[in-house]
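I opened the notebook to look up charged pairs and one helix packing. The entries follow in the order in which I checked them.

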Amino acid sequence: MKITDCEASLREIKSGGSLVGTVTVPGDKSISHRSLLFGAIAEGETTIKGLLPADDPKNTANCLKDMGVKISPINSTEIVKVEGVGLDGFQEPEKVLDCGNSGTTMRLLLGLLVGRKNRHFILTGDKSLSKRPMRRAGQPLKLMGAKIDGRSNGEFAPLSVKGEQLHGAIIGTPVASAQIKSAILLAALTAEGSTTVIEPANSRDHTERMLKAFGANIEISGEMGRHITIKPGSNLKGTHIEVPGDISSAAFWLVAGSIVPGSDITIKNVGLNPTRTGILEILHQMGANISYLNTKEIAGEPVGDIKVVHSPQLKPFKLDGEIIPKLVDEVPILTVAACFCNGVSEITGASELRIKETDRLEVMTRQLRNMGAKIEEHEDGLTVYGGNKLLGTEVDSETDHRVAMSLAIAALLADGNSTLSRSNAASVSYPEFWNELSKLQS
Ligand code: S3P
């Protein structure tokens, strides 16, 4: 069972064998973006240990550099240094800011740029990002006085931002989206008066934790902490950040270790922020064999090592709207897990999946059906009939990083080998995925 390079992005995935060993997943993508962005608007230097050296955070760094922020090279070994320019320090960029494939870059930058008075910014992205909805972030910012435009009445990139003096507002967001919440909180830092965001359910809270660490005046109140208030006036101060391993990257090994016979994997230093650990809750409900070691708190985020051992009798699961924000990026790999359970799994309340890097409900259904899986696609979810043998065949990531890695794990358990097209999509969040897979296989 080995993966061989056929061409840059076409990979052969051999089935069989088990996954054994220790893996250190790369830095959390959400925390990496935020450490660069918040470091850029702070005063003084921010140092970042464990920043994810992948395409998405590199796009954030390049956009910041285009506005005059000095950032040291991003690689897997060195601490990244960001020389903050302060809340109002961005230069008007001479070129279009290219967010690549990264929705987090575009939506969080929108929030940061709308309040930069007397400057004009244009944001663009790749083919996938140019099809993703942006008015969900632009509309609440307009309630604060933001001037944003774009194709289809501000829905799609390229987007144009004309910096304005904003005013505070109380804004209820229609969906639990950390990107929308964060865009509003970042805009609030330079608004006149305070701003409160009220979420319908809790989305990941890395922005709140990190803004506090940088010295922002942020208060969390209301039922389940869903009212988040920023009072402007405090300058952010550069700090040191240690980025924990990304639970969304660990998810591939958590599922692979649970479903591939004979597997025993220890994943080091994984972020265990409770707004992100939905996948662990579901795997426990399924009867997966998962244990925790060395749990501690580093720089305001809980982390720990996770050990996963193969479980021969996994139970099917139900995901609904309540838990989706806690595992929104893990639905593709959980769909793979569902194929190997004894029984029928149901995913509902997951229509947000349709507006990720691809329509992940449609793409996962198409690709897994190609392998012989029995899946029904619904408007807001999937029904997955576990226990059907998958067959090795030609599959395609359709350019989506999480689809690429999910299909690779499914292919390990198929009858016969598979080829995965556009496997290089994994570099968006996990450039070392293929090497780590080879190591665990040997
Ligand atoms: C992210 C939030 C999530 C997630 C994305 C990263 C973030 O999106 O899917 O990969 O860093 O804020 P939504 O909050 O829009 O659901």
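Entry 1. I am working from a predicted model. I began with Lys-162 and asked whether this residue is buried, exposed or in between. Lys-162 is partly exposed, at a relative accessible area of 46%. I then looked for its partner and found a salt bridge between Lys-162 and Glu-164, with N to O at 3.2 Å.

Entry 2. I turned to Glu-164 itself, which counts as buried because its relative accessibility is 18% and the cut-off for buried is under 20%. Glu-164 also meets Lys-147 in a salt bridge, N to O at 3.4 Å. I noted where the two sit: Lys-147 is in strand β9 (residues 147-150), and Glu-164 is in the loop between β10 (156-162) and β11 (170-172). The two residues are 17 apart in sequence, and the pair links distant parts of the chain. Lys-147 is partly exposed, with 45% relative accessible area.

Entry 3. I ran the search over the whole structure and got 30 salt bridges. From these I picked Glu-352 with Arg-136, whose closest N and O atoms are 2.8 Å apart. Which parts of the chain does this pair tie together? Glu-352 belongs to the loop between β20 (344-347) and α12 (360-370), while Arg-136 belongs to helix α4 (residues 135-142), so the bridge ties parts that lie 216 residues apart in sequence. I also checked burial for Glu-352, and at 19% relative accessible area it is buried.

Entry 4. I looked for salt bridges that share partners. One network joins Arg-132, Arg-204, Asp-329, Glu-357, Arg-360, Asp-400 and Arg-402.

Entry 5. Arg-402 led me to a helix contact, as this residue is listed on the α13 side of the packing with α11. How do the axes of α11 and α13 cross? The axes of helix α11 (residues 331-339) and helix α13 (residues 401-412) come within 8 Å and cross at roughly 20 degrees. Angles under 35 degrees count as roughly parallel, so I logged α11 as roughly parallel to α13. I recorded the crossing of these two helices as right-handed.

Entry 6. I listed the residues that meet there. On α11 they are Pro-332, Ile-333 and Val-336, and on α13 they are Arg-402, Ser-406, Ile-409 and Ala-410. Sorted by class, the contact holds five nonpolar residues, one polar and one charged.

How values were computed
Residues numbered from 1 in each chain as written. Predicted model: local features only at pLDDT ≥ 70, side-chain atom pairs only at ≥ 80, totals over all residues. Heavy atoms only, no water. Salt bridge = Lys/Arg side-chain N within 4 Å of Asp/Glu carboxyl O. Helix = DSSP H or I, 4+ residues; strand = E, 2+ residues; numbered from the N terminus. Buried < 20%, exposed > 50% of the residue type's maximum accessible area, 1.4 Å probe, protein only. Axes fitted to C-alpha atoms, helices over the stretch in contact; angles between N-to-C directions. Parallel < 35°, antiparallel > 145°, perpendicular 65-115°, else oblique. Left-handed = near helix turned anticlockwise from the far one by under 90°. Contact = heavy atoms within 4.5 Å. Nonpolar A, V, L, I, M, F, W, Y, C, P; charged D, E, K, R; others polar.
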